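Me: I've got a small protein model open and want to talk it through. Can you take my questions one at a time?

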Amino acid sequence: ICSKMLKHCSKHFHRLYHNTRDCSTPAYYKRCARLLTRLAMSPLCTQS
């Protein structure tokens, strides 16, 4: 993961990771990973 992308998207990652059921329940960790991956590929995170 590119550090520029992390810097730009860290607020969104933090919010998603800490406020979704998918990321706070072990049974849903795969769904959480999919959500975070989708966020990483979104225009919001890929723009410079």
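**Disulfide, core and charges**

Reply: Sure, and keep in mind that this is a predicted model. Let's start with the disulfide: the link of C23 and C32 is right-handed, with 95° about the S-S bond.

Me: Which residues does the disulfide join, and are they buried or exposed?
Reply: The structure holds one disulfide. The bond runs from C23 to C32, with 1.9 Å from S to S. As for the surroundings, C23 and C32 are both buried.

Me: What secondary structure does the protein chain have, and in which order do the elements run?
Reply: Count the elements and you get four helices and zero strands. Reading from the N terminus, the order is α-α-α-α.

Me: Which element gives the largest share of the largest nonpolar core?
Reply: That core has seven residues, namely C9, F13, C23, C32, L36, L39 and C45. Two or more residues come from each of α1 (3-19) and α3 (29-41). With three residues, the largest share belongs to α3.

Me: Why might nonpolar side chains sit together like that?
Reply: In soluble globular proteins, nonpolar side chains tend to be buried together. Here the largest nonpolar core includes both disulfide partners, C23 and C32, along with F13, L36 and L39.

Me: Which residues is L39 in contact with, leaving aside its neighbours within four places in sequence?
Reply: L39 is one of the residues of the largest nonpolar core. So are F13 and C45. Once the sequence neighbours within four places are set aside, the contacts of L39 are H12, F13, L16, L44 and C45.

Me: How much of the protein chain counts as buried?
Reply: The accessible surface comes to about 3900 Å², and carbon and sulfur atoms hold 59% of that. By residue, the chain has 48, and the buried share is 23%.

Me: Which residues do the salt bridges join into one network?
Reply: There are two salt bridges in the structure. One pairs the side chains of R21 and D22 at 3.9 Å, N to O, and another pairs D22 with R31 at 3.5 Å. Since the bridges share partners, the network is R21, D22 and R31.

Me: And which residue of R21, D22 and R31 counts as buried?
Reply: The cut-off for buried is under 20% relative accessible area. R21 has 47% and R31 has 36%, so each is partly exposed. At 12%, the buried one is D22.

Me: What share of the contacts between residues at least 6 apart joins residues at least 24 apart?
Reply: Take the contacts in the protein chain between residues at least 6 apart in sequence. Those joining residues at least 24 apart come to 38%.

Terms used:
Residues numbered from 1 in each chain as written. Predicted model: local features only at pLDDT ≥ 70, side-chain atom pairs only at ≥ 80, totals over all residues. Heavy atoms only, no water. Disulfide = S-S within 2.5 Å. Buried < 20%, exposed > 50% of the residue type's maximum accessible area, 1.4 Å probe, protein only. Contact = heavy atoms within 4.5 Å. Areas by Shrake-Rupley, 256 points an atom, 1.4 Å probe, with all protein chains shown as cover. Core = buried A, V, L, I, M, F, W, Y, C linked by side-chain atoms within 4.5 Å. Salt bridge = Lys/Arg side-chain N within 4 Å of Asp/Glu carboxyl O.
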